[in-house]
Amino acid sequence: MNPAGSIKFLYAAYIATWLIHGLYIGSLIRRYSRLRERKKDLGK
């Protein structure tokens, strides 16, 4: 495999990793906000 092809795979893996992390953090934020809403509703 040539070095230029390897760099493309490295960039693709880097982008995929950050995309996965971003989606995971977004999921955590959504779940946390839903949990806060439920907690607020229970306090009423």
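## A one-helix protein at a glance

At 57% relative accessibility, Leu 23 counts as exposed, and this leucine sits in helix 1. The model you are looking at is predicted. In it, the protein has 1 helix and 0 strands, and helix 1 covers residues 3–43. Here is a quick tour, starting with the overall form and moving on to the side chains.

**Overall form**

- Measured out along the principal axes, the box filled by the C-alpha atoms is roughly 65 × 10 × 5 Å.
- For a feel of distances along the chain, take Leu 23 and Ile 7: they are 16 residues apart in sequence, and 24 Å lies between their C-alpha atoms.
- Of the 44 residues in the protein, 5% are buried.
- The accessible surface amounts to about 4,600 Å². Carbon and sulfur atoms account for 69% of that surface.

**The nonpolar patch**

- Tyr 24, Ile 25, Leu 28 and Ile 29 together make a nonpolar patch of about 400 Å² on the surface.
- Leu 28, one of these four patch residues, belongs to helix 1.
- Is Leu 28 buried or exposed? The answer falls in between: Leu 28 is partly exposed, because its relative accessible area is 37% and the exposed class begins over 50%.

**The aromatic pair**

- How many aromatic pairs does a search of the whole structure find? There is 1.
- The partners are Tyr 14 and Trp 18, arranged edge-to-face, with 6.3 Å from centre to centre and 70° between the planes.
- Both residues lie in helix 1, and their spacing of 4 residues is about one turn of the helix.
- Tyr 14 has a relative accessible area of 53%, so it is exposed.
- Trp 18 is exposed as well, with a relative accessible area of 54%.

**Charged side chains**

- A positive surface patch is built from Arg 30, Arg 31, Arg 34 and Arg 38.
- Among them, Arg 30 is found in helix 1.
- Side chains of opposite charge can pair when their charged atoms come close.
- The structure has 1 salt bridge. Its partners are the side chains of Lys 40 and Glu 37, with 3.8 Å from N to O.
- Why can one helix hold both partners about a turn apart? Lys 40 and Glu 37 are 3 residues apart in helix 1, so about one helical turn separates them.
- Glu 37 is partly exposed, as its relative accessible area is 43%.

**To take away**

- Helix 1 carries both pairings described here: Tyr 14 with Trp 18, and Lys 40 with Glu 37.
- The surface also shows a nonpolar patch that includes Leu 28 and a positive patch that includes Arg 30.

Conventions. Residues numbered from 1 in each chain as written. Predicted model: local features only at pLDDT ≥ 70, side-chain atom pairs only at ≥ 80, totals over all residues. Heavy atoms only, no water. Patch = residues over 30% accessible without salt bridge, like charges linked within 9 Å, V, L, I, M, F, W, Y side chains within 5 Å. Areas by Shrake-Rupley, 256 points an atom, 1.4 Å probe, with all protein chains shown as cover. Helix = DSSP H or I, 4+ residues; strand = E, 2+ residues; numbered from the N terminus. Buried < 20%, exposed > 50% of the residue type's maximum accessible area, 1.4 Å probe, protein only. Phe/Tyr/Trp six-rings, centres within 6.5 Å; stacked < 30°, edge-to-face > 60°. Lys, Arg positive; Asp, Glu negative; His and termini not counted. Charge placed at Lys NZ, Arg CZ, Asp CG, Glu CD.
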